[in-house]
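Let's take a walk through this fold together, starting from a single residue and working outwards. Keep the viewer open as you read.

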Amino acid sequence: MHDRRREPQSAGPYTIRAALPQDCDGARRVMLDTFYREFSYGYVPAWHSDVIDVQGVYLDHPRHRLIVAVAGDEVVGTAGLLSRGPAHPPHPRWIAERYPSGSTAQLVRVYVAPGHRRHGLARAMVERACEFAAAEGGYRTVYLHTNVDIPGARAFWDSLAKEVCDARETGEHGAGFGTVHYEIPLPG
């Protein structure tokens, strides 16, 4: 078993670490702000139920993790890891079968508040989440999907992950969603 209390990392004036109970409200704020301000569709219960119960989903579940970037006492970034694969529908059946729940660590909610971007926080949080998945055991890979129509998303994920499926042609989420599926090999 690994030490789940790994020391926080510093990234300039920021600390990257596993979320603590006192971080739940700040993490929820970053997530909801992203849904409403960046994605323009707001909170969708079918897609975002984890955001309402941050403590239960990420902190209380032994195989899940929420990594946060903190400036002082303020949560300014999030990266979540869940022990479930993508659902079909809306995702293609072959994607759901390739990344089954239990052996897939799904990376979600990789968000950085606008005033704190371009400091390497997202990359540091993703690396920390992948380290957790590798140390946890039982995971074969890290999977994620993103909307590459969000400025910077495509270049960021292409620098860290291997594209598995560009689903923009399938329209799996409907018009206006540039969904691309990625895989990140677990750290050795």
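**Starting from one threonine**

Thr 104 has a relative accessible area of 0%, so this residue is buried. Before going further, please keep in mind that this is a predicted model. Thr 104 belongs to strand E5, which covers residues 104-112. What does the side chain of Thr 104 reach? One partner is the backbone oxygen of Tyr 99, at 3.5 Å. Another is the backbone oxygen of Pro 100, which lies 2.8 Å from a polar atom of the Thr 104 side chain.

Beyond its neighbours within four places in sequence, Thr 104 is in contact with Leu 82, Ser 83, Arg 84, Gly 85, Tyr 99, Tyr 139, Thr 141 and Tyr 143. Arg 84 sits 20 residues away along the chain, yet its C-alpha atom and that of Thr 104 are separated by 6.0 Å.

Tyr 99 leads us on to another residue, Glu 183. The side chains of Glu 183 and Tyr 99 are joined by a polar contact of 2.5 Å. Glu 183 is part of strand E8. Is this glutamate buried or exposed? Its relative accessibility is 17%, and buried means under 20%, so Glu 183 counts as buried. Setting aside residues up to four places away in sequence, Glu 183 touches Arg 98, Tyr 99, Thr 141, Val 142, Ala 161, Lys 162 and Val 164. Thr 141 therefore appears among the contacts of Glu 183 as well as those of Thr 104, by the rule that contact means heavy atoms within 4.5 Å.

**Into the nonpolar cores**

Now let's turn to the nonpolar side chains. In soluble globular proteins, nonpolar side chains tend to be buried together. Here the largest nonpolar core has 32 residues, and those touching the most other members are Leu 81, Leu 107, Val 126, Val 142, Trp 157 and Ile 184. At least two residues of this core come from each of strand E2 (14-18), strand E3 (65-71), strand E4 (74-82), E5, helix H5 (121-136), strand E6 (141-147), helix H6 (153-160) and strand E8 (179-184). Which element gives the largest share of this core? That is H5, with nine residues.

Trp 157 is a good place to zoom in. Not counting residues up to four places away in sequence, Trp 157 touches Leu 107, Val 110, Val 126, Leu 144, Thr 146, Tyr 182 and Ile 184. Asp 158 is found in helix H6. At 40% relative accessibility, Asp 158 counts as partly exposed. The C-alpha atom of Asp 158 is separated by 15 Å from that of Val 110, with their positions 48 residues apart along the chain.

**Helix H1 and the cysteines**

Helix H1 spans residues 24-38, which makes 15 residues. From its first C-alpha to its last, H1 reaches 20 Å, close to the 21 Å expected at 1.5 Å a residue. The buried residues of H1 are Cys 24, Gly 26, Ala 27, Arg 28, Val 30, Met 31, Thr 34 and Phe 35. An α-helix has 3.6 residues a turn, so residues three or four places apart point the same way. The buried residues of H1 are covered by elements including helix H2 (45-52), helix H3 (54-59), E3, E4 and E5. Just after H1, Ser 40 takes a positive phi of about 65 degrees.

How many disulfides does the structure hold? A search of the whole structure finds zero. Cys 165 is in no disulfide, and the nearest cysteine sulfur, that of Cys 130, is 20 Å away. Cys 165 has a relative accessible area of 12%, so this cysteine is buried. Cys 24 is buried too, with a relative accessible area of 6%.

**Stepping back**

Finally, zoom out to the whole chain. The chain has six helices and eight strands, running β-β-α-α-α-β-β-α-β-α-β-α-β-β from the N terminus on. Its C-alpha atoms fill a box of roughly 45 × 40 × 30 Å along the principal axes. A compact globule of 188 residues would have a radius of gyration near 16 Å, and the chain agrees, with 16 Å. Of these 188 residues, 49% count as buried. Among contacts between residues at least 6 apart in sequence, 67% join residues at least 24 apart.

Technical notes: Residues numbered from 1 in each chain as written. Predicted model: local features only at pLDDT ≥ 70, side-chain atom pairs only at ≥ 80, totals over all residues. Heavy atoms only, no water. Helix = DSSP H or I, 4+ residues; strand = E, 2+ residues; numbered from the N terminus. Buried < 20%, exposed > 50% of the residue type's maximum accessible area, 1.4 Å probe, protein only. Polar contact = N/O pair within 3.5 Å; in protein donor to acceptor, adjacent residues only side chain to side chain. Core = buried A, V, L, I, M, F, W, Y, C linked by side-chain atoms within 4.5 Å. Disulfide = S-S within 2.5 Å. Expected span 1.5 Å × (residues − 1). Rg over C-alpha atoms; globule rule 2.2 N^0.38 Å.
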